Amino acid sequence: CCILLLLSQTLLSICSSAFIVISHSCCRRRRGSFYTNKALYASTTTSTSSGGTPSTTRSSNNAIELNPLVTNVKISKTVEVFSLVKQMEANGDTVTSLCVGEPDFPPPQAVLDATIHAVKQGLTTYTAVTGTTALREAIAKDLQTRKGVTYDPVTQILVGNGAKQCVFQGILATIGQNDAAIIPAPYWPSYPEMVTLSGGTPIILETKQEDGYLINPSDLRRLLEQHESTVKLLVLCNPSNPTGGVHDAKRLQEIATVLEDFPKVVVLADEIYERLVYDELHPHVCFASLPNMMERTITVNGMSKAYAMTGYRLGYLCAPKSIAKACITIQSQITSCASSISQAAGVAALTLVSEEEMQQNVQIMKQKRDYVISQLNQMEGVKLNVVPNGAFYLLPDVSAFYNGDDTQLCIDLLKKQKLALVPGSSFGAPGTVRLSYATSHEELELAMSKLKQFLADCSP
């Protein structure tokens, strides 16, 4: 009932705006051609009446009034940088970009063949909201084989339009008014905004550079004790965007031990980068596979990162039946099913792409990571305390420059060297910059040369 009430009161009135606003956060997903029109927000502001009660000021035509949930969502600082990139490109400039979290290689041939076959066979109609039986069964088998977790493909797996939608629906199904979610920083910028859009409050759990930005179990316990009455969700991105950090089995078990004392807290395990782990001695561990954790974990994954299928918009969510059912209800009212053609391609990805081909891509990414780290280590004033073992991001500390103003540093870097990086403050990590090494080696060489020259010109 709570879910339906929330949908009726808020979701249907703002669903379009919600996905537009969320799409600005940088990203696991490709940024593109859309940026926030600040005039939209300027037309509606919040003021305080004489009685001290917040009231909404209508636009000058006294007709348009936005939902307060939308106006409460923050606009990412990365908008300014991306807008400038687009402006420069429109003016004919060539910009070197390490912003986009997207592999530079194409999807596997088996995926491309399945895409064409689906079109030729006329697989272009609606599927069930939850996804095709073939894809859900392939997901269940893959998770059982590689991760040791067993999900019922009928009642516990939901296929969505990208992992991003699945994350939002998991949050919306568990967080409501007066609820809170713990989000470790640095974080993917959409997490706190999704919590806000759900009517909840994001509580940031700070982590330390010297610990590789991993969750400290003692700090987690302390925060849970402080907010025990309101916290309903812990967001765990592993491997991490934006740090590339990987919580190994030991650290995950320590987190699970803490959570056993807080049985009402659900874990949203965003594992979209789980295929991209570079330490063979410490492979990725699915959080739901830990003792007593499956019944309280929402596992989110997808095809974008490991299979380079970003444009297919195909992700999935696995959860206990009650949560999965709530997410299905939400999706049925927002988008219905994912693309039937993408789902056919997803089946091919999970069943026809060999492990050898997947590992080749992992090794290529590792080589790129190692190259970029070697270049950063040669730049005076740049610090990278712990080598990250996953995803395809680095979050070096550049606080020695610009008095720690990472946003201005990125803007000037873009203007002077035509190199686009993302300010770390957008990820809750001021004084850092996020760069993606998921591009060609030639592009990385050019980017590192530009960054080295720029920082040398403004030595700390």
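Buried is used here for a residue under 20% relative accessible area, exposed for one over 50%, and partly exposed for anything in between, with a 1.4 Å probe and protein chains only. By that rule cysteine 337, with a relative accessible area of 10%, is buried.

The model on screen is predicted, so that local features need pLDDT of at least 70 and side-chain atom pairs count only at pLDDT 80 or more, while totals for chains, interfaces and linings use all residues. Residues are numbered from 1 along each chain as its sequence is written, and side-chain values use heavy atoms, with hydrogens and water left out.

**The sheet**

Begin by selecting the seven strands that form an open sheet, in the order β4-β10-β9-β8-β7-β5-β6 and with mixed pairing. Its edge strands, each pairing on one side only, are β4 (157-160) and β6 (201-206). Direction ignored, neighbouring strands of this sheet are turned by 20° against each other on average. Strands here are DSSP runs of E with at least two residues, helices are runs of H or I with at least four residues, and both are numbered from the N terminus; two strands pair if DSSP finds at least two bridges between them.

Next select strand β5, residues 180-185, where six of six residues are buried. In a regular strand the side chains alternate between the two faces of the sheet. Colouring the two sides of β5 separately shows Ala180, Ile182 and Pro184 on one and Ala181, Ile183 and Ala185 on the other, all of them buried. Towards β6, the strand β5 runs parallel and is joined by six bridges, with alanine 180 standing opposite threonine 201. Towards β7, the pairing of β5 is also in the parallel sense, over three bridges, and the bridge partner of alanine 181 is leucine 233.

Move on to β7 itself, residues 231-237, in which six of seven residues are buried. This strand pairs with β8 in the parallel sense over five bridges, and leucine 234 can be found opposite valine 267. Where does the antiparallel sense appear? Select β9 (residues 297-302) and β10 (residues 315-318), which pair in that sense over four bridges, and look for valine 300 opposite leucine 317.

**Helices α11 and α7**

Add helix α11, residues 321-334, which lies across β4, β8 (266-270), β9 and β10 and runs at about 30° to β4. Axes are lines fitted to C-alpha atoms, for helices over the stretch in contact, and the angles between N-to-C directions run from 0 to 180 degrees. Helix α7 (residues 163-174) packs with α11 at an angle of about 115°, their axes being 9 Å apart. Among the residues that meet, meaning that heavy atoms lie within 4.5 Å, are Gln165, Gly170 and Leu172 in α7 and Ile323, Cys327 and Ile330 in α11.

Stay on cysteine 327, which counts as buried because its relative accessibility is 0%. How far is its sulfur from the closest cysteine sulfur? That sulfur belongs to cysteine 166 and is 8.1 Å away, too far for a bond. The structure holds zero disulfides, a disulfide being a pair of cysteine sulfur atoms within 2.5 Å.

**Helix α8**

Now select α8, residues 190-197, a helix in which eight of eight residues are buried, including Tyr191, Glu193 and Met194. After this helix comes glycine 199, whose phi is positive, near 90°.

**Two single residues**

Threonine 115 lies in helix α5, residues 109-120, and is buried, with a relative accessible area of 18%. A polar atom of the side chain of threonine 115 lies 2.8 Å from the backbone oxygen of valine 111. Leaving aside residues up to four places away in sequence, threonine 115 touches Tyr312, Ile341 and Ala345.

Finish at lysine 452 in helix α15, residues 441-457, which counts as partly exposed because its relative accessibility is 31%. Outside residues up to four places away in sequence, lysine 452 touches Gln375, Gln378 and Met379. The side chains of lysine 452 and glutamine 378 are joined by a polar contact of 3.4 Å, that is, a pair of N or O atoms within 3.5 Å in which, within protein, one must be able to donate a hydrogen and the other to accept it, residues adjacent in sequence counting only if both atoms are side-chain atoms. The C-alpha atoms of lysine 452 and leucine 376 are separated by 8.2 Å, although these residues are 76 residues apart along the chain.
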